[in-house]
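Colleague: Could we go through the ring contacts and the ligand site together? I have some short questions.

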Amino acid sequence: MEKRAITVARGDGIGPEIMDATLKILTQAGAMIEPEFIDIGEKVYLAGHSSGITDDDWESLRRTKVFFKGPITTPQGGGYKSLNVTIRKTLGLYANVRPNVSYAPFVQTKHPDMDMVIIRENEEDLYAGIEHQHTPEVVQCLKLITRPGSEKIVRYAFEYARKNNRKKVTCFTKDNIMKLTDGLFHKVFKEVAQEYPDIETEHWIIDIGMAKIADSPQDFDVIVMPNLYGDIASDVAAQITGSVGLAGSANIGDHVAMFEAIHGSAPDIAGKGIANPSGLINGAIMMLVHIGQADVATKIHNAWLKTLEDGVHTGDIAKGGKSVGTMEFAEAVIERLGQKPSTFSPVEYKNEETKGAAFKLAPQVKDRPKPDVVQELDGVDVFLLNNEWTPNEIGKKLEELASPQFSLAVITNRGVKVYPDGFPETFTVDHWRCRFQKANQEETVTNQHIIQLLERVEEAGLQFIKTENLYRFNGELGYSLGQGQ
Ligand code: NAD
């Protein structure tokens, strides 16, 4: 078998320590890999590359298509963009697969029967990174959820469940509040679920869902969720298995895949040689399955389980008891290569089933004709910066200048109605959303009418800072109503 080129970055903080330990295990276990090392992270940022990676190193990633990555430190402030997010989005790594398993009684946990996989959408949601300051008092972050993005990740979760013999897929959203964005994710989940009648499905609102993860994680099997919820839920899930240092993560795209530990660079323990390399080892096991080296993955996984069983633990697991350092732990795994655990069930990965791409599960988005959608302009939300006018003054003025095409429907502040009939108790800031709806349902309005409306708003001495067009799609509202509207 020829050696498979992979791109490797040691990372920052504890990254180099856990990466060296993990690579040593891979070599001793006979992994047929040819690492190409690249530098990413803190020193690349500080050398002036605000993305944390150089152009040459992108080339390696795109060529090898497999990235094995140590955790990195994102410097706070200073306009540095998270490299993790950049890599995931640039290379289209839309699925983040995070298995969370407890290893009781050898790793202390309140949840001995936990074995769940969190499938986190990796590219969209609030991580689109589109933020603006509108007024001195108000900033916004755009939450983008797309139908193809939701369909890809939801289908991935069902395919993953089927391929890995899992019985249930749960979806978490907050669609009781975010009816359009989370509502779309949930709707797509229900649609796709119909294609998988062999798999049980359920949906929880994220708040109670998270509480259930913390209380009874054994009730979950595969959970799929939008990006931010998945980020938070998977750290909670990893931590309650016993340590955030245990879990690995796979970031899967149609062309490239990246494997890592779920934890960060742990600057508080960096350089001390005490970090747990298990998260990265578990990332490596997923990588080996992905590149078709299931036998090596099996060997390492079983040796690692045997090491835990034999009571060889790093400090985060030993919790004050006898512990070993990072490299000693790796040596203990190496000594046990070829052995099987006796309490835990031995693991066996298979190449013939996976065809060398266990985590690459096509097709995620079905080809389908372009939907036949009639998109009609229904009005416009005009956002004002205002500190001087009262809601009634703004309302009266805008009613005058709305016609003939529009009428003023409502003014809200932080989403709450303040005109007409607002309450004096409502707290307001300098950011006012004024909703204009077309005055006559029989007539069409156009962007040209909106431009003319904005000119009238400006002439009246009011300062607009943003607009949002209001559309109907096949007659259905494509915007939420104001609170109290
Ligand atoms: P962290 O995961 O680095 O550390 C949280 C806590 O867990 C710390 O007390 C740490 O000592 C402990 N811990 C983490 N991994 C451990 C291990 N393998 N063994 C033993 N203990 C371990 O989270 P943080 O402190 O919030 O973040 C530190 C830096 O890491 C930040 O710059 C953050 O941006 C970055 N980060 C990177 C990634 C990544 O590269 N994928 C992920 C998360 C955070």
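Colleague: Which ring does the charged end of Arg 120 sit over?

Modeller: Bearing in mind that this is a predicted model, the charged end of Arg 120 sits over the ring of Tyr 127, at 5.3 Å from the centre of that ring. A similar topic is Lys 212, which lies over the face of Trp 204, 4.4 Å from the ring centre.

Colleague: And rings with rings, how many aromatic pairs are there in the whole structure?

Modeller: A search of the whole structure gives nine aromatic pairs. One of them is made by Phe 172 and Phe 220, which meet edge-to-face with 5.7 Å centre to centre and 80° between the planes.

Colleague: Where do Phe 172 and Phe 220 lie?

Modeller: Phe 172 is in strand β8 (residues 168–173) and Phe 220 is in the loop between α7 (206–215) and β10 (222–225), so their pair ties together parts that are 48 residues apart in sequence. Both Phe 172 and Phe 220 are buried.

Colleague: Switching to the ligand, how many residues surround it?

Modeller: The ligand is surrounded by 21 residues, of which the closest are Ile 72, Gly 264, Ala 266, Asp 268 and Asn 276. By class, that shell has nine nonpolar, eight polar and four charged residues.

Colleague: What is 3.2 Å from a nitrogen atom of the ligand?

Modeller: That is an N or O atom in the side chain of Glu 260, while a backbone N or O atom of Ser 265 lies 3.0 Å from an oxygen atom of the ligand. The protein covers 67% of the 810 Å² of accessible area that the ligand has on its own.

Notes:
Residues are numbered from 1 along each chain as its sequence is written. This is a predicted model: local features need pLDDT of at least 70, side-chain atom pairs count only at pLDDT 80 or more; totals for chains, interfaces and linings use all residues. Side-chain values use heavy atoms; hydrogens and water are left out. Rings of Phe, Tyr and Trp (its six-membered ring) pair if their centres lie within 6.5 Å; planes under 30 degrees apart count as stacked, over 60 as edge-to-face and the rest as tilted. Helices (H or I, at least four residues) and strands (E, at least two) are DSSP runs, numbered from the N terminus. Buried means under 20% relative accessible area, exposed over 50%, partly exposed in between (1.4 Å probe, protein chains only). A charge sits over a ring if NZ of Lys or CZ of Arg is within 6 Å of the ring centre and within 35 degrees of the ring normal. A residue is near a molecule or strand if one of its heavy atoms lies within 4 Å of it. A polar contact is a pair of N or O atoms within 3.5 Å; within protein, one must be able to donate a hydrogen and the other to accept it, and residues adjacent in sequence count only if both atoms are side-chain atoms. Accessible areas come from the Shrake-Rupley method with a 1.4 Å probe; for residues, only the protein chains shown count as cover. Ala, Val, Leu, Ile, Met, Phe, Trp, Tyr, Cys and Pro count as nonpolar, Asp, Glu, Lys and Arg as charged, and the others, Gly among them, as polar.
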